[in-house]
Amino acid sequence: MNQPRSAPTLAVVGATGAVGTVMLQILSQHADIWGEIRLIASSRSAGRKLTVRGEEVEVHALAEEAFEGVDIALFDLPDEIAAQWAPIAAAKGAVVVDNSAAFRMDPDVPLVVPEVNPHAVRVRPRGIVATPNCTTLSMIVAVGALHAEFGLRELVVSSYQAVSGVGMAGVEALREQTKLVAGTELGTAPGDVRRAVGEATGPFPEPIALNVLPWVGSPADDGWSSEEMKIRGESRKILDRPDLKVSATCVRVPVVTTHSLAVHARFENEITVQRAYEILSTSPGVVVFDNPAAGEFLTPADVVGTDPTWVGRVRRALDDPCALDFFVCGDNLRKGSALNTAQIAELVAAEWSG
Ligand SMILES: NC(=O)c1ccc[n+]([C@@H]2O[C@H](COP(=O)([O-])OP(=O)(O)OC[C@H]3O[C@@H](n4cnc5c(N)ncnc54)[C@H](OP(=O)(O)O)[C@@H]3O)[C@@H](O)[C@H]2O)c1
């Protein structure tokens, strides 16, 4: 770690991307505890100017010297670039807070959600702290709060994931495909949407406009996807329950930003909906919005751009008094990535003053 100074120097690496863009908004909105904020991206973006804290700041190309004097570096880069550059930044003395999947399951890298396991941030032998995948993050604050009271035994989840989960390219693909199908009668015959969209499916294996895709990530063993394995491995690590039973099915939907999940959580102890409400509604970072009788429902279109994990449709399982079913929505670019990263950076920065 570089020598503490009065206000730590922060680098945002990947500042031009989907997560980086929201990161700059969050840094402009939160209490300004930083000295210099340095912006870094690929050489393609070097010289571009981006606004943070109301000021235009020039983007530097990713290079070893760009980390000179940096105390904390927020990495919002593709996995393979983060894998290569995080150790370099750490060797230059920066604490790296990494948003990619490169280090999440490394036993020497803590995986931190400040509302759930803030203590973990202090032990970081590699100088790297990881922030979880956006889908895990969209539910784990609520799940962690219930786990602390009832003791979690099993999670069965289905996700409804937004296209910005794969970055700017996902948003562009949905917008382009939506233009091709808007105002048509498509969606009534097999393959009609596919023919209209053609080969231009962007980062998705199938058309995403007027469609849902039962696949997120890359192939893992035995028919599972990498995203489903991330939810399992990361939930176990964050909750410190290596034997937790987790079964996830990840689905991509034509939503720009905000992931939703249907969660079936089975606990050690009997639960009541009333106690679950009390826990959830008093947990930092969680908002309960559950009023189906009035015809009011949580939807990603209303949650987008907000910070909390929103919880609704809370029900005790009909056939198991120890299980709860509920629906969560969380903005994948805020709590699902940039906000959690910024919160971790603020925890680390507190060590400077403390
Ligand atoms: N999107 C989400 O919901 C989400 C949630 C959680 C975690 N994450 C993770 O966060 C990371 C960033 O995701 P994103 O969605 O923001 O991706 P993105 O929109 O594609 O942005 C990628 C960023 O990385 C930079 N970059 C790419 N290649 C580079 C290189 N060779 N050298 C230096 N910089 C390079 C880009 O700079 P240029 O603009 O100069 O190319 C850009 O700033 C990924 O690891 C992703 O898995 C994303």
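1. Buried means under 20% relative accessible area. By that cut-off H147 counts as buried, because its relative accessibility is 18%. The model discussed here is a predicted one. H147 sits in helix α3. Neighbours within four places in sequence aside, its contacts are L152, L239, R241 and F267.

2. Next, the annotated site. An unreviewed UniProt entry lists C134 and H259 under "active site". The two are spread over 126 residues of sequence, yet they cluster in space, with a largest C-alpha distance of 7.9 Å. Of these residues, C134 is included in the lining of the largest pocket.

3. C134 belongs to helix α3, which covers residues 134–150. Its relative accessible area is 13%, so C134 is buried. Setting aside neighbours within four places in sequence, C134 touches H259, N332 and G336.

4. H259 belongs to strand β10, residues 259–267. Is H259 buried or exposed? H259 is buried, with a relative accessible area of 0%. Beyond its neighbours within four places in sequence, H259 has contacts that include C134, T135 and S138. Among the others are Y160, Q161, A162 and G165. R252, V328, C329, G330 and N332 are also in contact with H259. One polar detail deserves a check in the viewer: the H259 side chain reaches the backbone nitrogen of A162 at 2.9 Å.

5. Helix α2 spans residues 79–91, 13 residues in total. How far apart should its ends be? At 1.5 Å a residue the expected span is 18 Å, and the end C-alpha atoms lie 19 Å apart, which agrees. The helix is bent, however: there is a bend of about 30 degrees at W85. A proline, P87, follows within four residues. After α2 comes G93, with a positive phi near 105 degrees.

6. Which residues of α2 are buried? They are A82, W85, A86, A89 and A90. An α-helix has 3.6 residues a turn, so residues three or four places apart point the same way. The buried residues of α2 pack against three strands: β5 (72–75), β6 (95–98) and β7 (128–130). W85 thus appears twice in this account, as a buried residue and as the site of the bend.

7. L186 lies in the loop between α4 (168–181) and α5 (192–197). With a relative accessible area of 24%, L186 is partly exposed. L186 and A196 are ten residues apart in sequence, and their C-alpha atoms are 8.3 Å apart. A196 is also one of the contacts of L186 outside the four-place window. The others listed are L180, V181, D192, V193 and L210.

8. Two backbone points to inspect. D222 has a positive phi, near 55 degrees, and is not a glycine. D222 lies in the loop between α5 and α6 (226–239). D222 counts as exposed, at 78% relative accessibility.

9. R313 also has a positive phi, about 55 degrees, although it is not a glycine. R313 lies in strand β12, residues 309–316. Its relative accessible area is 37%, so R313 is partly exposed.

How values were computed. Residues numbered from 1 in each chain as written. Predicted model: local features only at pLDDT ≥ 70, side-chain atom pairs only at ≥ 80, totals over all residues. Heavy atoms only, no water. Expected span 1.5 Å × (residues − 1). Bend = angle between axes of the 7 residues up to and from the residue. Buried < 20%, exposed > 50% of the residue type's maximum accessible area, 1.4 Å probe, protein only. Contact = heavy atoms within 4.5 Å. UniProt positions renumbered as here; feature names shortened; annotations may be inferred. 1 Å grid on protein atoms, 1.4 Å probe; cavity = no way out; pocket = protein on both sides within 12 Å on 5 of 7 lines; lining within 4 Å. Polar contact = N/O pair within 3.5 Å; in protein donor to acceptor, adjacent residues only side chain to side chain.
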